[in-house]
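Let's take a walk through this fold, one piece at a time. Have the sequence and the 3D view open as you read.

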Amino acid sequence: MARRKQLKGVAGNIVQWCLGRNFDCQGYWAVGQLYAYAQENGTNECVINLVNEHVPNEVMDVKFSGAIKLLSRILQRDLESLKIPDWWVKEVKVIFTFNTDYQKKYHLLASGLGGKPAICLVEITTDLGKTYTKEGGCNVWVHNPEKESRRYGF
């Protein structure tokens with residue numbers, strides 16, 4: 001029998017997926033592209049709502065819709081595998097914050113490689129109003145197709 005507290009694990013899975021190498025958009029790492037887009041628009045934060053597959057105003061570019069749909073599919077797959085009913089999940093936000101303060105637990109391993117510290121926070125709100133959160137971090141460079149290798153197949 002499913003429990004709502006399992007949603008904390010689902011949030012952790014989404015954070016790890018967002019920061020992983022396989023989270024790409026058009027063959028490039030999506031976090032770097034979101035960082036570039038945020039810099040172009042003078043902000044340090046991108047918020048994505050996965051329940052409605054809503055691309056917010058700060059991420060209006062159509063090229064991100066594929067990455068957001070991928071995250072929505074991962075959410076649905078996790079909910080189905082845990083037998084968690086859809087109606088238990090009221091809202092799922094993925095919040096990317098760039099140019100954050102250095103935190104040893106998130107940024108130590110990549111500190112020698114450069115880039116700027118970034119944090120990914122996933123908030124899952126249930127139908128009962130309880131919010132489960134999970135946070136992860138990494139160092140990220142601004143997307144630059146001239147310096148990056150594109151994933152095979154694009």
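Helix α1 has 13 residues and runs 19 Å from its first C-alpha to its last, close to the 18 Å expected at 1.5 Å a residue. Keep in mind that this is a predicted model. Buried in α1 are L7, V10, A11, G12, I14, V15, C18 and L19. What do these buried residues of α1 pack against? Their partners are β2 (28–29), α2, α3, β4, β5 and β6.

Next up is helix α2, residues 30–40. It is largely enclosed by the rest of the structure, because nine of its 11 residues are buried. Those are A30, V31, G32, Q33, L34, Y35, A36, Y37 and A38. After α2 comes G42, which has a positive phi, near 70 degrees.

**The nonpolar core**

In soluble globular proteins, nonpolar side chains tend to be buried together. Here, the largest nonpolar core has 41 residues, and the members that touch the most others are F23, L50, V94, F96, F98 and V122. Which elements each supply at least two residues of this core? They are α1 (7–19), α2, β3 (45–49), α3 (65–81), β4 (89–98), β5 (116–126) and β6 (131–140).

V122 is a nice place to zoom in. Setting aside neighbours within four places in sequence, V122 is in contact with A11, I14 and V15, with V92, K93 and V94, and with Y132, T133 and K134.

**Rings**

A pair of aromatic rings is described by the distance of the centres and the angle of the planes. The count comes to three aromatic pairs, and two of the pairs are set out below.

| Pair | Centre to centre | Angle between planes | Kind |
|---|---|---|---|
| Y35 and F98 | 4.9 Å | 25 degrees | stacked |
| F96 and F98 | 6.4 Å | 5 degrees | stacked |

The Y35 and F98 pair links distant parts of the chain, with Y35 in helix α2 and F98 in strand β4, 63 residues apart. Together, Y35, F96 and F98 make up one aromatic cluster. Are these rings buried or exposed? Y35 is buried, with a relative accessible area of 3%. F98 counts as buried at 1% relative accessibility, and F96 counts as buried at 1% too.

Two rings have a charge to look at. The charged end of R4 sits over the ring of W88, 4.1 Å from the ring centre. K130 lies over the face of Y132, and here the distance to the ring centre is 5.3 Å.

**Cysteines**

A disulfide is a covalent bond between the sulfur atoms of two cysteines. How many disulfides does the structure hold? The answer is zero.

Why is C18 not bonded to C120? The sulfur of C120 is the closest cysteine sulfur to that of C18, but at 4.2 Å it is too far for a bond. The cut-off for a disulfide is a pair of sulfur atoms within 2.5 Å. C138 is in no disulfide either, and its nearest cysteine sulfur, again that of C120, is 8.2 Å away. As for their surroundings, C18 is buried, with a relative accessible area of 0%, and C138 counts as buried at 12% relative accessibility.

Key
Residues numbered from 1 in each chain as written. Predicted model: local features only at pLDDT ≥ 70, side-chain atom pairs only at ≥ 80, totals over all residues. Heavy atoms only, no water. Buried < 20%, exposed > 50% of the residue type's maximum accessible area, 1.4 Å probe, protein only. Helix = DSSP H or I, 4+ residues; strand = E, 2+ residues; numbered from the N terminus. Core = buried A, V, L, I, M, F, W, Y, C linked by side-chain atoms within 4.5 Å. Contact = heavy atoms within 4.5 Å. Phe/Tyr/Trp six-rings, centres within 6.5 Å; stacked < 30°, edge-to-face > 60°. Lys NZ or Arg CZ within 6 Å of the ring centre and 35° of its normal. Expected span 1.5 Å × (residues − 1).
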